[in-house]
Amino acid sequence: MNERENLPVAITAQNLAATTEKRESLVGRGLVALRNDALYRQAREIFDGKDGVKNWNVGRKKGNNREWNVAKNPAMYSAFKSFKQLANESFGKAYYPLAILYRDRNDIEDGHIHAGYYTRLAFDWCLANQAR
């Protein structure tokens with residue numbers, strides 16, 4: 001087990017995922033929301049971290065892409081999978097990072113189409129939630 005797996009948030013998110021499947025009650029939906037928030041925070045920490053998006057432009061030559069994949073950056077690949085799972089569950093905060101990650105991959109078929117799709121979802125989600 002690595003250091004990240006020992007974090008309380010990761011353990012809590014894993015435990016909540018196991019206990020909240022197909023919950024219709026208010027409590028069940030609340031537990032799902034907590035799990036999704038923990039999963040998002042964990043993925044966002046990787047996305048924003050030292051190997052994340054904020055530092056991809058540092059020292060980059062014009063024309064080079066910001067490629068990442070499971071072999072080059074397994075942590076970012078894990079974050080990508082988490083954002084994708086959250087987006088499939090309509091967790092709006094996951095749309096923007098997912099759009100960025102799709103945009104920066106040249107080896108995903110129709111990646112630019114997925115990037116555009118998630119960019120539109122992120123924009124719509126921001127407009128719908130601007131008053132909150």
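Does Arg35 count as buried or exposed, and at what relative accessibility? In this predicted model, Arg35 counts as buried because its relative accessibility is 7%, and a residue is called buried under 20%. A charged side chain in such a setting invites a look at its partner. Arg35 forms a salt bridge with Glu89, with 2.9 Å between the closest N and O atoms. The two residues lie 54 apart in the chain, so the pair links distant parts of it, Arg35 sitting in helix H2 and Glu89 in the loop between H3 and H4. Glu89 itself is partly exposed, at a relative accessible area of 36%.

The overall layout helps to place this pair. The protein chain contains five helices and zero strands, and its pattern along the sequence reads α-α-α-α-α. Of its 132 residues, 34% count as buried. Among contacts with a separation of 6 or more, 54% come from residues 24 or more positions apart. The chain exposes about 8900 Å², and carbon and sulfur atoms supply 53% of that area.

The salt bridges number four in total, including two further pairs described here. In one of them, the side chains of Asp48 and Arg44 meet at an N to O distance of 3.1 Å. Asp48 and Arg44 are separated by about one helical turn, because they are four residues apart in helix H2. Both ends of this bridge are partly exposed: Asp48 has a relative accessible area of 27%, and Arg44 has a relative accessibility of 22%. In another, Asp104 pairs with Arg103, again with 3.1 Å between the closest N and O atoms. Here the ends fall into separate classes, since Asp104 counts as buried at 7% relative accessibility, whereas Arg103 is partly exposed with a relative accessible area of 44%.

Attention now turns to the nonpolar interior. The largest nonpolar core holds 23 residues, and the members that touch the most others are Phe83, Leu98, Leu101 and Tyr118. Helices H2 (26-48), H3 (74-88), H4 (95-103) and H5 (111-128) each supply at least two residues of this core. Phe83 gives a good view of the surroundings. Leaving aside neighbours within four places in sequence, Phe83 is in contact with Tyr40, Ala43, Arg44, Phe47, Ala94, Pro97, Leu98 and Leu101. Arg44 thus appears among the contacts of Phe83 and also in the salt bridge with Asp48.

Helix H5 can be followed from its length to its two faces. Its 18 residues should span 26 Å at 1.5 Å a residue, and the end C-alpha atoms are indeed 26 Å apart, so the expected and modelled spans agree. The buried residues of H5 are Gly111, Ala115, Tyr118 and Ala122. These residues lie on the same side of H5, because they cover an arc of only 75 degrees around the axis. On the other side, Arg120, Phe123 and Ala128 are exposed. The cover over the buried residues of H5 includes H3 and H4. Tyr118 connects the two descriptions, being one of the buried residues of H5 and one of the core members that touch the most others.

The residue after Tyr118 completes the picture. Thr119 is found in helix H5 and counts as partly exposed, at 45% relative accessibility. The C-alpha atom of Thr119 is separated by 6.0 Å from that of Tyr96, although the two residues are 23 apart along the chain.

Definitions and conventions. Residues are numbered from 1 along each chain as its sequence is written. This is a predicted model: local features need pLDDT of at least 70, side-chain atom pairs count only at pLDDT 80 or more; totals for chains, interfaces and linings use all residues. Side-chain values use heavy atoms; hydrogens and water are left out. A nonpolar core is a set of buried Ala, Val, Leu, Ile, Met, Phe, Trp, Tyr and Cys residues joined through side-chain atoms within 4.5 Å. Buried means under 20% relative accessible area, exposed over 50%, partly exposed in between (1.4 Å probe, protein chains only). Contact means heavy atoms within 4.5 Å. The expected span of a helix is 1.5 Å times one less than its number of residues. The arc is that of the directions from the helix axis to the C-beta atoms. Accessible areas come from the Shrake-Rupley method with a 1.4 Å probe; for residues, only the protein chains shown count as cover.
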